[in-house]
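Welcome to a short tour for your viewer. Load the model, pick a cartoon view, and follow the stops below.

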Amino acid sequence: MQMKNSFITLLKDRSYMSYWFATTFSMAASNILQFTLALYVLELTGSPTIYASILSIVVIPRILLTPISGVIADRYRRLHVMRLINFISMSLLMAYTIFSYANEGNIALYLLYILVVALEIIEVFYQAPESAILPEIIEQELISEAVLLSKIDDGIVFAQRLYWAHFFTRYLE
């Protein structure tokens with residue numbers, strides 16, 4: 001019963017809900033875009049192997065940069081880091097949109113790989129302050145429930161990538 005009350009308290013907390021909506025939609029949009037770009041690559045090349053590689057390449061920056069992103073999140077104001085990263089993400093996507101429009105949608109494959117890796121780097125550097133900011137916006141006794149709610153979609157997104165990479169590689173090649 002206490003956990004239920006904790007979740008209700010969190011859902012009524014304006015600061016936490018602002019945080020939750022902002023981070024959920026920001027990262028969901030990034031993940032959807034990465035997945036859509038991978039599908040575009042599949043349509044462009046017809047190769048499930050290339051499709052799977054563009055989905056899988058995101059693991060490399062995550063492994064290499066997660067420790068660095070944690071240090072940055074600890075050294076600088078987390079909210080400022082998150083705002084800066086969102087600004088960088090928006091700028092990158094605007095530049096991509098303008099470039100794509102100027103080239104009538106004809107984008108070289110290596111540029112799509114660069115975009116996907118850049119989006120993953122942005123996501124890695126966003127997630128460290130995102131996780132660490134929780135104690136600053138909610139009460140200490142609600143931390144475990146807040147973390148649970150804020151990370152609920154991470155497993156779904158990761159499993160989705162693995163499933164579709166496996167499916168297209170196995171059944172469409």
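Start with the whole protein chain selected and coloured by burial: 38% of its 173 residues count as buried. Keep in mind as you look around that this is a predicted model. Switch on the accessible surface next; the total for the protein chain is about 10,500 Å², and carbon and sulfur atoms hold 68% of that area.

Now go back to the cartoon. Nine helices and zero strands make up the count for the protein chain, so to speak a run of α-α-α-α-α-α-α-α-α when read along the sequence. If you draw a contact map, take the contacts with a separation of 6 or more: 82% of them join residues 24 or more positions apart.

For the next stop, select residues 48–56, helix α3, together with residues 109–132, helix α6. Their axes lie 9 Å apart and the helices pack at an angle of about 30°. Since angles under 35 degrees count as roughly parallel, α3 and α6 are therefore roughly parallel to each other. Show the side chains where they meet: Ile50, Ser53 and Ile54 come from α3, while Leu109, Leu112, Tyr113 and Val116 come from α6. By residue class, this contact has six nonpolar members, one polar and no charged.

Finally, select residues 59–75, helix α4, and pick out Ser69 within this helix. Is Ser69 buried or exposed? Ser69 has a relative accessible area of 1%, so this residue is buried. Leaving aside residues up to four places away in sequence, Ser69 touches Val124, Phe125 and Ala128.

Key: Residues are numbered from 1 along each chain as its sequence is written. This is a predicted model: local features need pLDDT of at least 70, side-chain atom pairs count only at pLDDT 80 or more; totals for chains, interfaces and linings use all residues. Side-chain values use heavy atoms; hydrogens and water are left out. Axes are lines fitted to C-alpha atoms, for helices over the stretch in contact, and angles run from 0 to 180 degrees between N-to-C directions. Helices (H or I, at least four residues) and strands (E, at least two) are DSSP runs, numbered from the N terminus. Angles under 35 degrees count as roughly parallel, over 145 as roughly antiparallel, 65 to 115 as roughly perpendicular and the rest as oblique. Contact means heavy atoms within 4.5 Å. Ala, Val, Leu, Ile, Met, Phe, Trp, Tyr, Cys and Pro count as nonpolar, Asp, Glu, Lys and Arg as charged, and the others, Gly among them, as polar. Buried means under 20% relative accessible area, exposed over 50%, partly exposed in between (1.4 Å probe, protein chains only). Accessible areas come from the Shrake-Rupley method with a 1.4 Å probe; for residues, only the protein chains shown count as cover.
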